[in-house]
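Colleague: Could you take a close look at one part of this model with me, the pairing of charged side chains? Please carry on from there to whatever else helps me find my way around.

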Amino acid sequence: MATSQEGAISGFNPEAERVLGAERVRGGSLFESLHPDHRDAVASAWAKMSEGEDWNALCQMRDADGLYRSFSLHARRAAGRSEIYVTIVPTPGVSSGRLAVPPAEDLALLPPIAPERVLRAILDSLDLSAYVIDQEGTYLLHDGKGCRTGGNEPGTLIGQNLFELYKDVTDGVAAIRRALEGEFINSTNDALDILWESWFVPIRNKEGETTHMLGLTLAKRDMRKAMLELRTKMELIERQEEVIRNLETPVIQVWEKVLTLPMMGVVDSRRVARVMDDLLSAVVRTSARFAILDLTGVDMVDTMTASHLFSLIRAIRLLGAEGIVTGIRPTVAQTMVTLGLDLSSLTTCANLREGLRLCIRRMVDETRVRRDEQPQ
């Protein structure tokens, strides 16, 4: 068959007349025989076709009985001429750019379990796009509600090259090339504030060679929203935990060069490790002379925790300060004794007031000694 760039049929063979009908090929237009979903894509390809260029696609056309059937179109513009030569081959059982070949009024005549009706319902109801490309990456099928979500009307990419359109999406293109080599691929990516899940399915011929690829991409709007909400909640929880940690281990400067760390509740190894970091940093930052560890609000510690507390006191001394423990409860004292540690080096006071009084008295004594040592 030969047509003009406007689709007017200027030549045909008897087979075309038999399959498509005399009234359609004799002085008719190729575009008028196409399914409405495919007319714009084919007309656009005809208008853009340059000399010697080929174009291939699966399309729906009305046959001699007036019913839509699947055809494979191969078009080529003749060199030095305006005509476009078209080869039309029936493809029974193969759909075109839209999986549900017939229009809505014809679909209603099919049984509810007909594949065309099932596929049409899936593609029109779910946020799913389905597409088929050949080994060169040319779209032969492009359909589904998900196409609009991605910014394209169904069928508009037929004849275009996927690798050229999405050359900047390197990971996705690499996965599609692997599928065209025969590998089934399942992947997810985040774009347009939507989470997309894709399946790339190799299509093989009778010899088992991969000739095409079926792509299915599902837009998971709710999943993306749920992920964002979960991320927001996790960030809030982290901020709340930070506040709680600061409240659990408040290092307070109660006097010049005197720090106190009141502890309450359960004291485990994890909490003591955090206490050590916070308190030692405060000792260095304030050049503290004394650090009071007040255990008045602690009812119980395990043997591991008690050992960490002794380590904390030793670490304070290494920084040039003195660690004082106040408010030890009887149960805590029993645990410390059972450890068999040398308690003679541990300075303790009955409560925080006595501990602060001890610090002030020692600082006064140190000041008096320094003054007495100065030459008169």
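Modeller: Let's begin with Arg368, which is partly exposed, having a relative accessible area of 40%. Please keep in mind that this is a predicted model. The partner of Arg368 is Asp365, and their side chains meet in a salt bridge with 3.1 Å from N to O. Asp365 counts as partly exposed too, because its relative accessibility is 35%. Both residues belong to helix 14, which covers residues 352-373, and they sit three residues apart, about one turn of the helix.

The general idea is a simple one: side chains of opposite charge can pair when their charged atoms come close. For this model the count comes to twelve salt bridges, and a few others are worth finding on your screen.

One of them joins Arg26 to Glu17, where the closest N and O atoms are 2.7 Å apart. Here the two partners fall into separate classes. Arg26 has 53% relative accessibility and therefore counts as exposed, while Glu17, at 21%, counts as partly exposed.

Another salt bridge brings together the side chains of Glu183 and Arg178, again with 2.7 Å from N to O. Glu183 is partly exposed, since its relative accessibility is 36%. Arg178, at 39%, is likewise classed as partly exposed.

There is also a group that goes beyond a simple pair: salt bridges link Arg120, Asp124 and Asp143 into a network.

For a contrast, turn to Asp294, which you will find in strand 13, residues 290-297. Asp294 is buried, yet it takes part in no salt bridge. The nearest side chain of opposite charge belongs to Arg329, and it is 8.6 Å away, whereas a salt bridge calls for a nitrogen and a carboxyl oxygen within 4 Å. What does the side chain of Asp294 contact instead? One polar contact is with the side chain of Thr296, at 2.7 Å. Another is with the side chain of Thr326, also at 2.7 Å.

From charges we can move on to empty space. Rolling a probe the size of a water molecule over the atoms shows where such space is left. The largest pocket in this model has a volume of about 690 Å³. Its lining is made up of 26 residues, and those lying nearest its centre are Tyr131, Tyr166, Asn189, Ser198 and Thr217. By class, that lining has 14 nonpolar, eleven polar and one charged residues. Helix 9 gives the largest share, five residues. Several other elements supply at least two residues each, among them strand 6 (128-134), strand 8 (185-191) and strand 9 (194-204).

A search of the whole structure also turns up one cavity of 30 Å³ or more, and the space inside it comes to about 40 Å³. Around this cavity you will see Leu293, Leu309, Phe310, Ile313, Val325, Met336 and Leu346. The seven lining residues are nonpolar, with no polar and no charged ones. Helix 12, spanning residues 303-318, gives the most to the lining, with three residues.

Notes: Residues are numbered from 1 along each chain as its sequence is written. This is a predicted model: local features need pLDDT of at least 70, side-chain atom pairs count only at pLDDT 80 or more; totals for chains, interfaces and linings use all residues. Side-chain values use heavy atoms; hydrogens and water are left out. On a 1 Å grid over the protein atoms alone, a cavity is a set of points where a 1.4 Å probe fits but cannot get out, and a pocket is an open set with protein on both sides within 12 Å along at least five of seven lines; lining residues have an atom within 4 Å of a point. Grid points are joined across faces, edges and corners, and a volume is the space filled by probe spheres set on the points. Helices (H or I, at least four residues) and strands (E, at least two) are DSSP runs, numbered from the N terminus. Ala, Val, Leu, Ile, Met, Phe, Trp, Tyr, Cys and Pro count as nonpolar, Asp, Glu, Lys and Arg as charged, and the others, Gly among them, as polar. Buried means under 20% relative accessible area, exposed over 50%, partly exposed in between (1.4 Å probe, protein chains only). Lys and Arg count as positive and Asp and Glu as negative; His and the chain ends are not counted. A polar contact is a pair of N or O atoms within 3.5 Å; within protein, one must be able to donate a hydrogen and the other to accept it, and residues adjacent in sequence count only if both atoms are side-chain atoms.
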